[in-house]
Amino acid sequence: MTGRFGVEEGLMSIDQALARLHQRLAPAVETETVPLRQALFRILAEDVVAGVNVPPHDNSAMDGWAFRHADLPPANLADTGRLPVVGRVAAGHPFEGELPKGGAVRIFTGAPMPSGADTVAMQEECREDGGAVILPTRLKRGDNAREAGEDIARGSVALHAGCRLRPQELGVAAAMGRAEIEVYRPLRAAIFSTGDEIREPGTVLAPGCIFDTNRFTAGALLRSLGAEVTDLGILPDKLDIIRDALGDAAAGHDLILTSGGVSVGDEDHVKPAVLAQGSLDFWRLAIKPGRPVALGEVAGTPFIGLPGNPVAVMVTFMLIARPMVLRLMGATETGLTRFPVEAGFAFRHKQGRREYLRARLAHADGRLVAAKFPSDGSGVLTSMTWSDGLVDIPEDKGDIAPGDMVDFVSYAEMMR
């Protein structure tokens, strides 16, 4: 059965895969209005239009004296100007009335500019002389003064729907006086592992068995994006149990994520269990590490099946599952920021396949240099703790020599 993820045969580039996800997925969660304090890292569901100017009034950018620039003598006639001090203005305490012509007001950072004043002289450049202040004449009109609406103009869109609310976005919302904000509710994701050889950490490991790692890494990656995760544990290799678990998960979740168990082996029951209740398509991605990623639906709920090797799980999650999760949560921007670093290694690259090398960054004579983890094996999970991120080798790139510039993407970028 073919669902919304169906594609033609052949290898697909990661860029093609991401474009398809963006086209075929829409937010899967409702919206809710929450207090600003509860909105951190949620996805904004509304355009936030400024109802006020930010700042709301002209104000001083620093401590000093406010005055009319026209009251200073021209700089070519005098180095300084002398104006009588006629008042004092602090933040929250505006100057009453109009600034008298030829006068100056002592002013402090953030204080509203007196009506008529247009320039502020820094206190470090001024000198008090009795009841007057000696001002430098080289100042330009408007120096050290901030205009109303300089940061955000009333009526403008300050925050766009689909952005993830970081501390700085919450600060912008607060600056506009917003106490509440409309966001998408957290995505509800269900995860489980399958396999008679899989054991829960903390138990006795029987011969031929391994501890479950993928469920913990995938669950943590989901939580790092703001999803609410239901851990269904380890399911035995029995078709009816897996089928029933998938059906139950679909009824109460927005996404189901598994790793391994979707190939064609006699003991791989996830594939037929999904097909019994929905659709399943395999995307053959031209990447390494990573094998075909299974995408589908169970009773209308999106399903993603990641590879079984632990490194491939993390890499394909970051590259495919992460943008999928963010898109389902209402995000519009799901791309990753790459920056150039110098390769501190040699690498033979097979063109036609995009490779992601685990790498650690170090400073060398003012340059950022990437060191490659010695092993490329997808089962070496310690490579992910050793490294800071991934060196991205495009499909058309040839061999890498020490000193070549390569693109790097940080794990910190991929886990948020």
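Hi everyone, this is a short walk through some strands, a helix and the charged pairs of one structure.

First, some ground rules: this is a predicted model, in which local features need pLDDT of at least 70 and side-chain atom pairs count only at pLDDT 80 or more, while totals for chains, interfaces and linings use all residues. Residues are numbered from 1 along each chain as its sequence is written, and side-chain values use heavy atoms, with hydrogens and water left out.

When I say helix or strand, I mean a DSSP run, numbered from the N terminus: H or I over at least four residues for a helix, E over at least two for a strand. "Buried" means under 20% relative accessible area, "exposed" means over 50%, and "partly exposed" is in between, with a 1.4 Å probe and protein chains only.

Let's start with strand E25, residues 389-393. How many residues of E25 are buried? Five of the five are, so E25 is largely enclosed by the rest of the structure.

Which strands pair with it? Two strands count as paired if DSSP finds at least two bridges between them. Strand E23, residues 354-364, runs antiparallel to E25, with five bridges joining them. Strand E26, residues 405-410, is also antiparallel to E25, over four bridges. Please find Leu390 in E25: Arg358 stands opposite Leu390, and so does Val409 of E26.

From E26 we can step on to strand E22, residues 339-343, which is joined to E26 by four bridges and runs antiparallel to E26. Here Glu342 has Met405 of E26 as its bridge partner. E22 also pairs with strand E24, residues 367-372, but this time the strands run parallel, with two bridges. In that pairing, Ala343 is matched with Ala370 of E24.

Now to another strand, E17, residues 255-259. Is E17 mostly covered or mostly open? Mostly covered: five of its five residues are buried. Leu255, Leu257 and Ser259 are buried on one side, and Ile256 and Thr258 on the other, which leaves both faces covered. E13 pairs with E17 in the parallel sense over four bridges, with Ile191 matched to Leu257 in E17. Strand E21, residues 301-306, is parallel to E17 too, again with four bridges, and there Ile256 has Phe303 as its partner.

Next, a helix. Which residues of H2 are buried? They are Glu169, Leu170 and Ala173. These residues cover an arc of only 100 degrees around the axis (taken from the directions from the helix axis to the C-beta atoms), which puts them on the same side of H2. As a reminder, an α-helix has 3.6 residues a turn, so residues three or four places apart point the same way. Counting heavy atoms within 4.5 Å as contact, the cover over the buried residues of H2 includes strand E11 (157-159) and E12. After H2 comes Gly177, with a positive phi near 85 degrees.

Finally, the charges. Side chains of opposite charge can pair when their charged atoms come close. Here a salt bridge is a side-chain nitrogen of Lys or Arg within 4 Å of a carboxyl oxygen of Asp or Glu, and by this rule the count comes to 21.

One of them joins Asp15 and Arg354, at 3.4 Å from N to O. Asp15 lies in helix H1 (residues 14-24) and Arg354 in strand E23, so the pair ties together parts that are 339 residues apart in sequence. Asp15 is partly exposed at 47% relative accessible area, whereas Arg354 is buried at 9%. Both residues belong to a salt-bridge network that also includes Arg338 and Asp392.

Another salt bridge is formed by Glu30 and Arg185, at 2.4 Å from N to O. These two residues are 155 apart and link distant parts of the chain, with Glu30 in the loop between H1 and strand E1 (31-35), and Arg185 in the loop between strand E12 (180-184) and strand E13 (188-194). Glu30 is partly exposed at 48%, while Arg185 is buried at 10%.

One last stop: the charged end of Arg106 sits over the ring of Trp65, 4.5 Å from its centre. The rule there asks for NZ of Lys or CZ of Arg within 6 Å of the ring centre and within 35 degrees of the ring normal.

Thanks for listening!
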